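Got the structure open in your viewer? Let's walk through it one selection at a time.

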Amino acid sequence: MPLDISQAVHYHIGQFPPAALDYGRLMPGLLGATAALARYDQMLQGLHDSELFLAPMRGQEAVVSSRMEGTISTLDEILQLEAEFGDDDEAAQQEFRSDALETALYRRALNTAQARMEQGQPLSESLIKSIHRQLLSFGRGADKSPGLYKHDQNYIGERGSRKVSFVPVAPEHLPGGMEALFRLINDDAMPMLLRTALAHAEFEALHPFEDGNGRVGRMLITLMLWQGRVIGAPHFYISRYFEDHKDEYLDRLRAVSAEDDWNGWCVFFLAAVEQQAIVNLEAASAISDLYADMKPRFAELLASKYAVAALDYLFTNPVFSNSRFTRSAGIPSQTAARFSRVLLQHGLLQVVREPAGRRPAIYRFEPLMRRVRV
């Protein structure tokens, strides 16, 4: 049965970047989003280690962004996968659903992008392709040309339906489209938040890859805001707002091509940034408060100079294998083993899986997991 494109919106060829934006209409949202992001970033800068505190929030983003594409997993599931198998995807696929593996790859790809940009690699087509290559390196996406732009026309529609809602740019026009996109990304004359809004919408409209475009496009938001120094660390995650307002999100994106309504999209995007910055600030504050509460408790229970090292490890790895804890936490192995027993006895750790044969026990730091589950 052929695809039905009779009602589909087609890519806005020749209409990017928009000729003009209505700054009078956009200014209130721009000011609100900028202020909310500044408050969030100020909070991050006050943390002694934002990577430590916000590692679980990156897991949240991976779960929600993947869920928007129909990939269903839980934060507990992907953290257990990582705790048990690390980067060993071959072994992981024997025990975990493909959805969990794909979600773990999202988190890994974002971590890799951060590391490469910290080493000096700019946000570029090359970096975007490398993110995509890792995102689709294993599982169902492995046969969807990881790291390569599309060669055939792709279409967007409801999963399982033959009805097409949007026709992205044709492959022959993609190279020029990507060049125009990155010219805008690097156009310092435009406020970074507006550049980010336009870039995300354009990336989704171009849909440059055979698969994985939505996930890469949402990573692009975080990486642009970080590269543009709107945030001091790449820890701004917006997928929850897009999922909660998914119908409007998709309608606003389609209206860019259907009605040249870039202003309407930007208004929506700026509201999303403002509201998500508020939510992210609350989540980060809750994690920071928990750490402050746990620090004296760990010191009392563990009675060791390694108590803070143990606490830091659990905040970074709230689901972990006992063997990896004793190997990687920077704590003598006998001391680490004692810590696990004490924390289990006092209910701070829960057993995810008992040890069996050569397989170590898997534990969960439940006080943190209660605050970060989605």
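Start by selecting Lys129 and Tyr149: the charged end of Lys129 sits over the ring of Tyr149, 4.3 Å from its centre. Keep in mind as you go that this is a predicted model.

**Stop 1: the small strands**

Now pick strand E1, residues 9-10, together with strand E3, residues 164-167. These two run parallel and are joined by two bridges. For a landmark, show His10, which stands opposite Val167 in E3.

Stay on E3 and add strand E2, residues 156-157. Here the pairing is antiparallel, again over two bridges. Gly157 is the residue to show this time, standing opposite Val164 in E3. Then trace the hairpin of E2 and E3, where six residues lie between the strands. Stop at Gly160 in that hairpin and check its backbone: phi is positive, near 85°.

**Stop 2: helix H5**

Select residues 98-118 to bring up helix H5, with its 21 residues. How far does H5 reach from its first C-alpha to its last? The span is 30 Å, close to the 30 Å expected at 1.5 Å a residue. Colour H5 by accessibility and you'll find it mostly covered, with 15 of its 21 residues buried. Step off the end to Gly120, just after H5, for another positive phi, this one about 110°.

**Stop 3: the open sheet**

Next, bring up strands E4, E5 and E6. They make an open sheet in the order E4-E6-E5, with antiparallel pairing. Strand E4 (319-321) and strand E5 (349-353) are the edges, each pairing on one side only. Look at the twist too: on average, neighbouring strands of this sheet are turned by 35° against each other, direction ignored.

Zoom in on E4 and strand E6, residues 362-365, which are antiparallel and joined by three bridges. Put Phe320 and Tyr363 on display here, since Phe320 stands opposite Tyr363 in E6.

**Stop 4: Asp76**

Jump to helix H3, residues 75-85, and select Asp76 within it. Is Asp76 buried or exposed? Its relative accessibility is 18%, so Asp76 counts as buried, given that buried means under 20%. Show what surrounds it: leaving out residues up to four places away in sequence, Asp76 touches Arg364, Met369 and Arg373.

**Stop 5: the aromatics**

Time to show the rings. The structure holds 20 aromatic pairs. One of them is Phe242 with Phe268, a stacked pair at 6.1 Å centre to centre, with 20° between the planes. Phe242 belongs to helix H10 (residues 239-244) and Phe268 to helix H12 (residues 262-302), so this pair ties together parts that are 26 residues apart in sequence. Both Phe242 and Phe268 are buried.

For a pair with another geometry, go to Tyr313 and Phe325: the ring centres are 5.3 Å apart and the planes meet at 45°, so this one is tilted. Tyr313 sits in helix H13 (residues 307-316) and Phe325 in helix H14 (residues 322-328), twelve residues apart. Tyr313 has 9% relative accessibility and counts as buried. Phe325, at 2%, counts as buried as well.

Then go back to Phe242 and Phe268 and widen the selection. Which residues do ring pairs link into a cluster along with those two? Add Tyr241, Tyr249, Trp265 and Phe269 to see the cluster.

**Stop 6: Cys266**

While you have H12 on screen, pick Cys266, which is found in that helix. At 0% relative accessibility, Cys266 counts as buried. Setting aside neighbours within four places in sequence, Cys266 is in contact with Leu26, Leu194, Ala197 and Leu198. Try a distance from here to Ala170: the two C-alpha atoms are separated by 25 Å, with these positions 96 residues apart along the chain.

**Last stop: Lys305**

Finish in the loop between H12 and H13, where you'll find Lys305. Buried or exposed: which word fits Lys305? Lys305 is exposed, with a relative accessible area of 72%. Draw one more C-alpha distance, from Lys305 to His151: these residues are 154 apart along the chain and separated by 58 Å.

Definitions and conventions:
Residues numbered from 1 in each chain as written. Predicted model: local features only at pLDDT ≥ 70, side-chain atom pairs only at ≥ 80, totals over all residues. Heavy atoms only, no water. Pairing = 2+ DSSP bridges. Helix = DSSP H or I, 4+ residues; strand = E, 2+ residues; numbered from the N terminus. Axes fitted to C-alpha atoms, helices over the stretch in contact; angles between N-to-C directions. Expected span 1.5 Å × (residues − 1). Buried < 20%, exposed > 50% of the residue type's maximum accessible area, 1.4 Å probe, protein only. Contact = heavy atoms within 4.5 Å. Phe/Tyr/Trp six-rings, centres within 6.5 Å; stacked < 30°, edge-to-face > 60°. Lys NZ or Arg CZ within 6 Å of the ring centre and 35° of its normal.
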